[in-house]
Amino acid sequence: MLYSIELFNKSLVVNKINISSTPIIDLKDEHIGIFHAYLLEEMHYSPRTYNNKMSYLKGFIDWSMQKFNIPSNNPFGSVKKRSTRVRKDIIYKEEYKALLGIIKPKLGKKKHNNGKTSYFRQLYKPYLKNGIRLALHTGCRGDEVVNMKWNMVHFKKKKPYFIEVNNSKVEHQKGSGFNAMVRPIFIPITKGLLKLLNRMGLNEKKGSDDYILYPERTATSSTIKNNLSKGFTHFYKQLDTGRAITFKHLRKTYLTYLNATIKERTKLLSGHSSNEVLRRYYIDESLISKTAKKIKNPWNLKFLTRGAQKQIEN
């Protein structure tokens, strides 16, 4: 949200509007129009990103008006969302294996040009492979993967049962001070996920406050998240599949096979529902058990193979 506010202020400054003398109560359609043009013509944002920026500003203005009793209408309330196309692509098993196989330092250099000089940036990171594996086997978003800790792993009869993580997207949307009752996400520990966690140090680290991914980190969570996203894109492009698959598609892959297993109850585990919260609410333990037993990895269901895109979209 802070970055969206900074973009809005910058758009006004570029158009020679004194933001220090423009309080919220004086915001008009003219200012929204300037921001609209800035997002499209200067930032070249996609419809989805455009909608997100406008939504963040609307939420901030709503909060400010309520907090400080500002008697005015929110000019962002009349902004229409731009149409977006929902893609249901997933990453296939053979692509996934090939991707992990080429993630090496020698293939991680990407050339950049700032208009004056050219330089290379290394997009390979030691934690990139495990970050991709963790995202695929949990269905978590980037920031959820990065902030996942060992003490989030819950046990039943001394065996790893599920991982409880905060729903970062909903918490971010609600903002600080309004997210205390946001339903967390419950991730069943499948055979594939358990194997990965054991390899990453479950037995030694269980119950600790250490991060699961890159515990010896020297970078911020935001930087690590960006590195995962950019690194995935860089290496996937080298597979030359002709498809625009990104880090986000790992979550889509997970939710696709999860939905094929437990159907409409997927939302109870994916974080798309606001009901049944563990401890404060309720979670169906049989659902966790069934999911963990039936799923080993994202491709043990036959239809999740190349050429099955129509089945996924129907």
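Trainee: Buried means under 20% relative accessible area, exposed over 50% and partly exposed in between (1.4 Å probe, protein chains only). So how many residues of strand β4 are buried?

Mentor: 5 of the 7 residues in β4, which covers residues 159-165, are buried, so the rest of the structure largely encloses this strand. Strands (E, at least two residues) and helices (H or I, at least four) are DSSP runs, numbered from the N terminus. Keep in mind that this is a predicted model, where local features need pLDDT of at least 70 and side-chain atom pairs count only at pLDDT 80 or more, while totals for chains, interfaces and linings use all residues. Residues are numbered from 1 along each chain as its sequence is written, and side-chain values use heavy atoms, leaving out hydrogens and water.

Trainee: Okay. In what sense do β3 and β4 pair?

Mentor: Antiparallel: strand β3 (residues 153-156) joins β4 over 4 bridges. Two strands pair if DSSP finds at least two bridges between them.

Trainee: And what's in the hairpin of β3 and β4?

Mentor: There are 2 residues between the strands, and K157 takes a positive phi near 55°.

Trainee: Which residue stands opposite F162 in β3, and which is its bridge partner in β5?

Mentor: From β3, H154 stands opposite F162 of β4. In β5, F162 has P188 as its bridge partner. That strand, residues 185-188, pairs with β4 in the antiparallel sense over 4 bridges.

Trainee: What order do the strands of the sheet come in?

Mentor: The open sheet has 3 strands in the order β3-β4-β5, with antiparallel pairing. β3 and β5 are the edge strands, each pairing on one side only.

Trainee: New topic: helices. At what angle do α1 and α2 pack?

Mentor: About 105°, with the axes of α1 (residues 2-14) and α2 (residues 29-42) 9 Å apart. Axes are lines fitted to C-alpha atoms, for helices over the stretch in contact, and angles run from 0 to 180 degrees between N-to-C directions. α1 and α2 are therefore roughly perpendicular to each other; that word covers 65 to 115 degrees, with under 35 roughly parallel, over 145 roughly antiparallel and the rest oblique.

Trainee: Which residues meet there?

Mentor: In α1, S4, L7, F8, K10, S11, L12 and V14 meet H31, I34, F35, Y38 and L39 of α2. Contact means heavy atoms within 4.5 Å.

Trainee: What about α2 and α3: how far apart are their axes?

Mentor: 10 Å, and α2 packs with α3 (residues 47-67) at about 150°. α2 and α3 are therefore roughly antiparallel. I32, F35, H36, L39 and L40 of α2 make the contact with Y50, K53, M54 and L57 of α3.
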